[in-house]
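The following exercises concern helix packing and charged side-chain pairs. Each task is followed by a solution in steps.

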Amino acid sequence: MKVVAFERDQKKSSPKIVLLLLLAVVGLGAFLRMDFVLSVSHKVSHDTVNYDIMVRQLLEKGIYAYKSGESNAQVTPGYPLFMAAVYKAVDYRVHDPYPWIRCIQALLSTAMLVLMYRLGSMLAGRWAGLLAAFLGAVYPAFIWTTGGILTETLAAFLLVLYVYVQLLAYRTQRKLPMLLAGASLGLAVLTRPEFLPLFVLVHLLFLLWSRKWKQTLLQFVVCGAGLALVLAPWVVRNAVALHELVVASTQVNPFAAGTYPDKNYEDGLVDRHGKTQMEVAKERLRIGFTEHAWTYVKWYTVGKLKYTYGRMFYGSGHTPLYPVMPAAMRYVYHLAIIWAGVLAGAAMVIGRSWRHPAALPALLLAAMSALRLLFVPEYRYNFTAMPFFIVLDSAAAVMAVQALRRRQDNRMNKPHGRGGIDDGKTAGA
């Protein structure tokens with residue numbers, strides 16, 4: 001059975017009107033982002049300071065290392081190399097590179113709106129794409145994060161790019177988009193390594209869609225080749241410099257920190273003296289799930305999800321406040337996006353609509369949320385999920401309106417039953 005079609009355009013919508021509206025939405029998004037990065041005083045986070053030290057060390061000494069003077073693979077090279085390129089281009093010894101990075105991130109965030117439009121259009125037509133772009137244009141976290149010298153903006157852009165190109169590859173069945181999809185995912189993984197498992201999940205979904213294992217295997221291999229080409233230099237570097245097979249990174253702290261319920265890092269559950277972070281983490285999990293089972297079950301389910309999605313990410317901080325929208329509305333807006341996505345995903349499961357292309361962002365959200373349960377929860381970790389919540393919400397809203405219209409049209413066109421005004425019984429009265 002064929003997958004539900006990638007609905008292109010509603011017949012009644014004028015391409016010119018849609019284009020004008022899209023330009024207006026993208027223009028609004030670009031203005032908000034550039035106005036923000038240029039009009040406030042941005043704070044510098046602890047992670048940014050460490051990135052700066054790392055990049056300067058790389059450029060001046062040729063040593064790639066995070067929080068160390070010796071080569072390591074604590075963090076993947078996507079964002080540090082992005083920073084290094086900007087540092088080099090603007091001559092960081094003379095000019096402050098941070099304003100340039102913020103402006104580039106504002107442009108990337110604006111470009112992500114176009115990708116969200118294209119992705120929404122693939123799922124439910126142009127109006128879904130426009131709605132997704134508009135909701136993304138005014139979502140405060142997308143604006144604030146452009147000011148932080150952190151991975152979020154670049155990672156979100158690359159992940160949305162990957163999903164768009166991956167759906168395009170599936171629709172066209174052409175090898176070049178498949179290869180580019182893998183390369184896009186590779187760049188996303190080099191920026192945030194937790195995206196790597198999505199590669200397998202996406203192709204399992206494609207297999208369920210097509211029921212053609214040879215076709216899916218071809219997609220898997222070609223896309224995997226693109227992924228491998230991008231990851232290969234990093235893997236080879238680690239093998240040569242560190243004598244280890246490291247595909248992503250060696251950082252253990254996010255996993256270990258996630259074993260502390262409610263982030264109580266001084267609970268004294270395990271003696272940490274003389275033990276590695278991984279040893280402490282394993283012991284905490286063993287004791288926690290055996291002696292404090294209910295506490296750990298709650299923490300590794302609703303507890304971490306609440307920490308991750310309960311509030312939007314506010315970026316690195318800035319003064320004065322750039323409000324975008326009133327404070328009460330910001331909180332409601334964020335939660336409305338989250339819960340609408342949850343309801344849309346639940347409706348797809350209940351309605352067995354897994355063959356619709358909207359099942360892909362729904363699957364990604366479920367997978368990303370599950371992966372978050374393994375690590376320390378932070379509000380910043382919900383950032384890369386939000387474009388997919390917004391796209392899924394927009395597609396669901398448009399499909400709901402279309403369903404209501406079809407139901408109304410069916411009622412209007414339905415033949416009148418017995419006793420109606422056209423059944424002839426009143427004609428000779």
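**Exercise 1: A buried acid and its partner**

Glu152 is buried, with a relative accessible area of 0%. The model is a predicted one.

Task: Determine which side chain Glu152 meets in a salt bridge, and which parts of the chain the pair ties together.

Solution.
- Step 1. The partner is Arg380, and the N to O distance of this salt bridge is 3.0 Å.
- Step 2. Glu152 belongs to helix α7 (residues 152–172), whereas Arg380 lies in the loop between α15 and α16 (386–413), so the pair ties together parts that are 228 residues apart in sequence.
- Step 3. Arg380 has a relative accessibility of 18%; because buried means under 20%, Arg380 also counts as buried.

**Exercise 2: A second pair and the network**

Task: For the salt bridge of Arg372 with Glu194, locate both residues and state whether each is buried or exposed. Then identify the network that salt bridges with shared partners form.

Solution.
- Step 1. The closest N and O atoms of Arg372 and Glu194 are 3.0 Å apart.
- Step 2. Arg372 is in helix α15 and Glu194 in the loop between α8 (175–191) and α9, so this pair links distant parts of the chain, 178 residues apart.
- Step 3. Arg372 is buried at 8% relative accessibility, and Glu194 is buried at 18%.
- Step 4. The structure holds 10 salt bridges. Those that share partners join Asp47, Glu152, Arg192, Glu194, Arg372 and Arg380 into one network.

**Exercise 3: Helix α15 against helix α9**

Task: Describe how α9 and α15 pack, and classify the residues of their contact.

Solution.
- Step 1. Helix α9 (residues 198–210) and helix α15 (residues 359–372) pack at an angle of about 145°, and their axes are 11 Å apart.
- Step 2. The crossing of α9 past α15 is right-handed.
- Step 3. From α9, the contact draws on Leu198, Leu201, Val202, Leu205 and Trp209; from α15, on Ala359, Leu360, Leu363, Leu364, Ala367 and Met368.
- Step 4. By class, this contact has 11 nonpolar residues, no polar and no charged ones.

**Exercise 4: Helix α1 against helix α4**

Task: Establish the relative orientation of α1 and α4 and the classes of residue in their contact.

Solution.
- Step 1. Helix α1 (residues 15–39) and helix α4 (residues 98–124) have axes 9 Å apart, at an angle of about 155°.
- Step 2. Angles over 145 degrees count as roughly antiparallel, and α1 and α4 are therefore roughly antiparallel to each other.
- Step 3. α1 passes α4 in a right-handed crossing.
- Step 4. Residues of α1 in the contact include Val18, Leu22, Gly29 and Arg33, and those of α4 include Arg102, Cys103, Ser109 and Tyr117.
- Step 5. The contact of α1 with α4 comprises 12 nonpolar, three polar and two charged residues.

**Exercise 5: Arg284 in two settings**

Task: Describe the salt bridge of Arg284 and the helix contact to which Arg284 contributes.

Solution.
- Step 1. Arg284 and Asp267 meet in a salt bridge of 2.7 Å, N to O.
- Step 2. Arg284 lies in helix α12 (residues 277–291) and Asp267 in the loop between α11 (253–257) and α12, 17 residues apart.
- Step 3. Arg284 is buried, at 1% relative accessible area, whereas Asp267 is partly exposed, at 31%.
- Step 4. α12 packs with helix α13 (residues 293–309) at an angle of about 115°, the axes being 5 Å apart; α12 and α13 are therefore roughly perpendicular.
- Step 5. On the α12 side the contact is made by Arg284, Leu285, Gly288, Phe289 and Glu291, and on the α13 side by Ala293, Tyr296, Val297 and Tyr300.
- Step 6. These residues divide into six nonpolar, one polar and two charged.

Notes: Residues numbered from 1 in each chain as written. Predicted model: local features only at pLDDT ≥ 70, side-chain atom pairs only at ≥ 80, totals over all residues. Heavy atoms only, no water. Axes fitted to C-alpha atoms, helices over the stretch in contact; angles between N-to-C directions. Helix = DSSP H or I, 4+ residues; strand = E, 2+ residues; numbered from the N terminus. Left-handed = near helix turned anticlockwise from the far one by under 90°. Contact = heavy atoms within 4.5 Å. Nonpolar A, V, L, I, M, F, W, Y, C, P; charged D, E, K, R; others polar. Salt bridge = Lys/Arg side-chain N within 4 Å of Asp/Glu carboxyl O. Buried < 20%, exposed > 50% of the residue type's maximum accessible area, 1.4 Å probe, protein only. Parallel < 35°, antiparallel > 145°, perpendicular 65-115°, else oblique.
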